[in-house]
Each structure stands twice: as structure tokens, then as C-alpha cells.
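This report goes through a single protein chain, from its overall dimensions to its interior, its one ionic pair and its surface. The sequence and the coordinates are shown here for reference.

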Amino acid sequence: MIDLGLLLLRAAGFLLAFTFGIQKIGWYVTAFHAGKPLSSIGLTPLIVHVGFPLPVILALWITLNESIGALLVGIGFLTRFAAASLALGMVGALYTSVRLDEDWLRAALYLIIFVGLTFTSAGKFSIDRMLKKSS
């Protein structure tokens with residue numbers, strides 16, 4: 001039953017984060033077609049406002065994190081690494097939400113999901129487990 005619970009946790013983390021990752025990819029595609037610089041679109045202006053360093057790099061990392069990282073968690077491949085990266089991103093999201101006096105509960109929920117998966121790994125219904133068995 002624990003492995004089924006981990007599968008459900010991974011699926012929830014995937015669905016929640018991936019929807020935001022796809023949205024962010026859409027921002028970049030639209031901006032690319034409009035000829036806008038990366039520094040003026042997506043999360044970059046928000047990251048500048050909050051005062052984090054390397055805003056363009058952070059914005060791209062967050063986008064890849066919430067799309068590819070979420071997919072990796074969902075399929076259970078490199079789960080601990082991807083979940084730890086997503087958890088780190090959620091720490092930033094939580095900090096930003098609190099600092100801007102916005103709703104922080106969603107970021108806190110994602111943080112709990114991804115920290116939990118960092119500690120537990122993916123469970124037996126995962127690519128990680130299949131690769132471990134074959135070696």
C-alpha cells in the first residue's frame with residue numbers, strides 16, 4: 001500500500017507542477033515569436049522584483065523544473081534528484097508568495113510533496129525501481 005501511496009503522491013506532484021511548467025513554456029514560445037528578450041517575459045521580471053540573483057537563469061530553471069522535472073517525478077525516473085530540485089524551487093516560490101503577501105498555501109503543499117518524495121524515493125511503481133532490479 002505504501003508504494004501505491006507514493007505513486008499517488010508522484011501523480012499529484014506531476015499534475016500540479018506540470019500544469020505550471022507548460023504554462024511557462026507557453027510564455028516563452030509566445031515571447032520568442034514576438035521577438036521579446038528573455039529578460040522581459042515570464043518569471044524574470046518577478047524574480048528581479050523579489051531580488052533573487054541571475055533572474056533569466058532562475059526563470060529558465062524553474063520552467064524546466066516544473067515541466068521536465070515534474071515529468072521525471074511522474075514517471076519515477078531520477079525521482080530523488082528531480083523532487084529535490086522541485087522542492088528547492090518551491091522554497092523560492094514560498095518565499096516569494098510570503099514576501100509579496102500572496103497565497104502561499106499552494107507553494108507549501110508542493111514543497112511538502114516534493115520533500116516527501118526526496119526522502120522516500122518513487123516506490124516500486126517507477127522506472128527507478130525497474131532499473132534497480134535490472135542491475
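## Surface and overall dimensions

The accessible surface of the protein amounts to about 8000 Å², and 74% of that area belongs to carbon and sulfur atoms. The model is a predicted one, and every value in this report is to be read with that in mind. Along the principal axes, the C-alpha trace spans about 45 × 35 × 20 Å. The radius of gyration is 16 Å, which agrees with the value near 14 Å that a compact globule of 135 residues would have.

Buried residues account for 34% of the 135 residues in the protein. When contacts between residues at least 6 apart in sequence are considered, 64% of them join residues at least 24 apart.

## Secondary structure

The protein contains six helices and zero strands, so that its elements, read from the N terminus, run α-α-α-α-α-α. Helix α1 covers 2–34, α3 covers 55–75, α4 covers 79–99 and α5 covers 105–120. The remaining helices are α2, at 44–50, and α6, at 127–134.

## The largest nonpolar core

The largest nonpolar core has 16 residues, and the members that touch the most other members are Ala17, Val73, Ala83, Leu86, Met90, Phe114 and Leu117. At least two residues of this core come from each of α1, α3, α4 and α5.

Met90 can serve as an example of the packing: with its neighbours within four places in sequence left aside, Met90 is in contact with Glu66, Ala107, Tyr110, Leu111 and Phe114. Of these partners, Phe114 is also among the core members that touch the most others, while Glu66 returns below as half of a salt bridge.

## A second core around Ala59

Apart from the largest core lies another one, of seven residues, which include Tyr28, Ile41, Ile47 and Ala59. Ala59 is found in helix α3 and counts as buried because its relative accessible area is 0%, against a cut-off of under 20%.

Beyond the residues within four places in sequence, Ala59 is in contact with Tyr28, Leu43, Thr44 and Ile47. Ile47 stands 12 residues from Ala59 along the chain, and the C-alpha atoms of the two are separated by 7.5 Å.

## The salt bridge and the α1–α3 contacts

How many salt bridges does the model contain? The count comes to one, and it is formed by the side chains of Lys24 and Glu66, with an N to O distance of 2.8 Å. This pair links distant parts of the chain, since Lys24 belongs to helix α1 and Glu66 to helix α3, 42 residues apart. Are the two partners buried or exposed? Both Lys24 and Glu66 are buried.

Other residues of the two helices meet as well. Gly21, in helix α1, is buried, with a relative accessible area of 0%, and apart from neighbours within four places in sequence Gly21 is in contact with Thr63, Glu66 and Ser67. By comparison, the C-alpha atoms of Gly21 and Val56, 35 residues apart along the chain, are separated by 15 Å. Thr63, placed in helix α3, has 6% relative accessibility and therefore counts as buried. Not counting residues up to four places away in sequence, Thr63 touches Gly21, Lys24, Ile25 and Tyr28, so that one of its partners, Lys24, is a member of the salt bridge, and another, Tyr28, belongs to the seven-residue core.

## Loops and the nonpolar patch

Two residues that are not glycine have a positive phi. Leu54, in the loop between α2 and α3, has a phi near 50 degrees, and at 54% relative accessibility Leu54 counts as exposed, because the cut-off for that class is over 50%. Ser121, in the loop between α5 and α6, has a phi of about 75 degrees.

Phe125 is likewise found in the loop between α5 and α6. Together with Met1, Leu4 and Leu8, Phe125 makes a nonpolar surface patch of about 480 Å². Why is Phe125 classed as partly exposed? Its relative accessibility is 41%, which lies between the limits of 20% and 50% and therefore places Phe125 in that class.

Definitions and conventions. Residues are numbered from 1 along each chain as its sequence is written. This is a predicted model: local features need pLDDT of at least 70, side-chain atom pairs count only at pLDDT 80 or more; totals for chains, interfaces and linings use all residues. Side-chain values use heavy atoms; hydrogens and water are left out. A nonpolar core is a set of buried Ala, Val, Leu, Ile, Met, Phe, Trp, Tyr and Cys residues joined through side-chain atoms within 4.5 Å. Buried means under 20% relative accessible area, exposed over 50%, partly exposed in between (1.4 Å probe, protein chains only). Helices (H or I, at least four residues) and strands (E, at least two) are DSSP runs, numbered from the N terminus. Contact means heavy atoms within 4.5 Å. A salt bridge is a side-chain nitrogen of Lys or Arg within 4 Å of a carboxyl oxygen of Asp or Glu. Patches are made of residues with over 30% relative accessible area and no salt bridge: like charges are joined within 9 Å, nonpolar side chains (Val, Leu, Ile, Met, Phe, Trp, Tyr) within 5 Å. Accessible areas come from the Shrake-Rupley method with a 1.4 Å probe; for residues, only the protein chains shown count as cover. The radius of gyration is taken over C-alpha atoms; the globule rule is 2.2 Å times the number of residues to the power 0.38.
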